[in-house]
Amino acid sequence: MQLTDAEWEFIEPYLPIGEYGPYPERLRRQFEGVIWRFRTGGQWREVPGEFGAWSTVHNRFRQWRDARVFEALLEGAIAEAAKRGEVDLSLVSVDSTTVRAHHDAAGMHLDPDTLADLEKAAEEAEKARQKGAARRDKTGRAPKTTRSGTSGDASDAGASSG
């Protein structure tokens with residue numbers, strides 16, 4: 001994938017170039033290599049040689065990532081679109097699998113008595129869970145009980161015989 005001159009003119013100011021940094025034509029090829037990698041989903045080692053050595057493209061990507069270049073580029077694109085009046089916020093979405101809200105954020109209101117009852121029930125459930133966990137043997141299974149009510153372990157055999 002090659003960038004058009006207009007696209008490159010927009011992107012270039014966001015890419016940091018040090019005093020002894022890469023030549024602009026190499027920088028452009030490396031940026032195109034990064035785009036190629038993410039568009040195709042290929043491995044870094046599969047980046048075609050026309051973009052430069054794969055390790056150089058990868059290292060340049062890491063430098064840009066660490067310098068937050070891609071965030072600045074995205075913000076610049078949004079600002080440019082806003083300047084043109086082309087921002088459509090109806091396309092913004094939030095993935096609910098990664099965003100969690102407290103129940104208060106959903107408008108759920110509980111009277112103090114109900115909240116106290118729920119907290120008491122949660123405490124009782126936690127106590128029962130801990131009590132059940134303490135009964136488990138070393139294998140992680142609950143001990144089997146016999147008709148006499150004992151677990152049938154060797155430790156119970158001595159207790160019932162005497």
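Q: Which elements of the chain have the lowest and the highest mean pLDDT?
A: Helix 6 (residues 154-161) sits at the bottom with 50, and helix 3 (residues 54-66) tops the list with 92. pLDDT is the predictor's confidence in each residue, from 0 to 100, and helices here are DSSP runs of H or I, at least four residues, numbered from the N terminus. Where pLDDT is low, the predicted coordinates should not be read in detail. This is a predicted model, so local features need pLDDT of at least 70 and side-chain atom pairs count only at 80 or more, while totals for chains, interfaces and linings use all residues. Residues are numbered from 1 along each chain as its sequence is written, and side-chain values use heavy atoms, leaving out hydrogens and water.

Q: Why is Gln30 called buried?
A: Buried means under 20% relative accessible area (1.4 Å probe, protein chains only), with exposed over 50% and partly exposed in between. Gln30 comes in at 7%, so it counts as buried. You'll find Gln30 in helix 2 (residues 24-40).

Q: What does Gln30 touch, not counting residues up to four places away in sequence?
A: Contact means heavy atoms within 4.5 Å. On that basis Gln30 touches Phe51, Thr56, Val57, Arg60 and Trp64.

Q: What makes a set of residues a nonpolar core?
A: The members must be buried Ala, Val, Leu, Ile, Met, Phe, Trp, Tyr or Cys, joined through side-chain atoms within 4.5 Å. The largest such core has 17 residues, with Trp8, Ile11, Leu15, Phe31 and Trp64 having the most contacts inside it. Helix 2 gives the most to this core, five residues.

Conventions:
Helices (H or I, at least four residues) and strands (E, at least two) are DSSP runs, numbered from the N terminus.
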